[in-house]
Amino acid sequence: DFLNTAPLQSAQFRIPKEAFRIADTESFETLVHSANELFVWAADTGNSAELKVRLEKAEQTYAKFKVVDEAIQYTEALIPKHLVGDAIDIVSLVMQEFGLWVSWNSFGPFSGLYLKAGTEIVTGKFLPLPIVAIHSGHPSERQRFSVAHELGHHLFGQRGKIGSPTK
């Protein structure tokens, strides 16, 4: 039940280290922090309507595409609503159109992480929305790229290990 916002740090981490590309303690701790932000937001009754809408969008778009061209065509139609000058506001796009939760932290060797909704973070605590965690210490261009990359994991269904290490 994600409405119980007791501190997650004292609970047992449920995602096995083998699920990550690089088993890094700092990354685990930061991911728990990002998830806790989401749990607190979701528990606020003032956010219940937005939570419902975002969850519906996330469920409708998770693993929606099999080929890149379909995803591009679908996403291109949404872009005009998220232009700031000539640039795409990728964060508003993924949050408003796909329902993802985006969190920034400085963590380990990763540029970004994606976890789907329903992932058990710690014992008995399941993500109410998909989460994209972005490394705040990277240049803004890299952060935007990482958000778009993690959106790809959502649209095509997460495959493989968790985390996009910076090369």
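Which side chain meets that of Glu97 in a salt bridge? I will come to the answer in a moment, but I should say at the outset that what you have in front of you is a predicted model, and that everything I describe is computed from it.

The answer is Lys81, whose side chain meets that of Glu97 at 3.0 Å, taken from N to O. The pair links distant parts of the chain, since Glu97 lies in helix α4, residues 90-98, while Lys81 sits in the loop between α3 and β1, 16 residues apart. The two partners sit in contrasting surroundings: Glu97 is buried, with a relative accessible area of 11%, whereas Lys81 is exposed, with a relative accessible area of 60%.

Let me step back to the whole chain before going further. It has 167 residues, of which 44% are buried, and its secondary structure comes to five helices and eight strands. If you read along the sequence, the elements follow the pattern α-α-α-β-β-α-β-β-β-β-β-α-β. Among the contacts with a separation of 6 or more, 72% are between residues 24 or more positions apart.

A search of the whole structure finds two salt bridges, and the other one takes us to helix α2. There the side chains of Glu50 and Arg54 meet at 3.2 Å, again N to O, and both residues lie in α2, four residues apart, which is about one turn of the helix. As general background, side chains of opposite charge can pair when their charged atoms come close. Glu50 is partly exposed, at a relative accessible area of 39%, while Arg54 counts as buried because its relative accessibility is 5%, and the cut-off for buried is under 20%.

Staying with α2, which covers residues 48-61, we can check its length: at 1.5 Å a residue its 14 residues should span 20 Å, and the C-alpha atoms at its ends are indeed 20 Å apart, so the two agree. Which residues of this helix are buried? They are Leu51, Arg54, Ala58 and Thr61, and they cover an arc of only 110 degrees around the axis, which puts them on the same side of α2. It helps to recall that an α-helix has 3.6 residues a turn, so residues three or four places apart point the same way. On the other side of α2, Ala49, Lys52, Glu59 and Gln60 are exposed.

Just beyond the helix, in the loop between α2 and α3, we find Tyr62, which is partly exposed, with a relative accessible area of 27%. Leaving aside residues up to four places away in sequence, Tyr62 touches Tyr114, Lys116, His153, His154, Gly157 and Gln158. For one of these, Lys116, the C-alpha atom is separated from that of Tyr62 by 8.2 Å, although the two residues are 54 residues apart along the chain. α2 is also followed by Ala63, whose phi is positive, near 55 degrees.

Now I would like to turn to strand β7, residues 131-135. Is this strand enclosed or open? Five of its five residues are buried, so β7 is largely enclosed by the rest of the structure. In a regular strand the side chains alternate between the two faces of the sheet. Here Ile131, Ala133 and His135 point one way, Val132 and Ile134 point the other way, and all are buried. β7 pairs with strand β3, residues 101-105, in the parallel sense over five bridges, and Trp104 stands opposite Ile134 of β7. Strand β4, residues 110-115, runs antiparallel to β7 and is joined to it by four bridges, with Leu113 having Ala133 as its bridge partner.

That brings me to the nonpolar cores. In the largest, which has 19 residues, Leu38, Trp41, Leu113, Leu115, Ile121 and Leu127 touch the most other members. Helix α1 and strands β4, β5 and β7 each supply at least two residues of this core, and α1 gives the most, with seven residues. There is also a second, separate core of 17 residues, which includes Leu78, Leu93, Val94 and Ile134. Ile134, then, is a residue we have now met twice, as a member of this second core and as the residue of β7 that stands opposite Trp104.

Notes
Residues are numbered from 1 along each chain as its sequence is written. This is a predicted model: local features need pLDDT of at least 70, side-chain atom pairs count only at pLDDT 80 or more; totals for chains, interfaces and linings use all residues. Side-chain values use heavy atoms; hydrogens and water are left out. Buried means under 20% relative accessible area, exposed over 50%, partly exposed in between (1.4 Å probe, protein chains only). Two strands pair if DSSP finds at least two bridges between them. The expected span of a helix is 1.5 Å times one less than its number of residues. The arc is that of the directions from the helix axis to the C-beta atoms. A salt bridge is a side-chain nitrogen of Lys or Arg within 4 Å of a carboxyl oxygen of Asp or Glu. Contact means heavy atoms within 4.5 Å. A nonpolar core is a set of buried Ala, Val, Leu, Ile, Met, Phe, Trp, Tyr and Cys residues joined through side-chain atoms within 4.5 Å.
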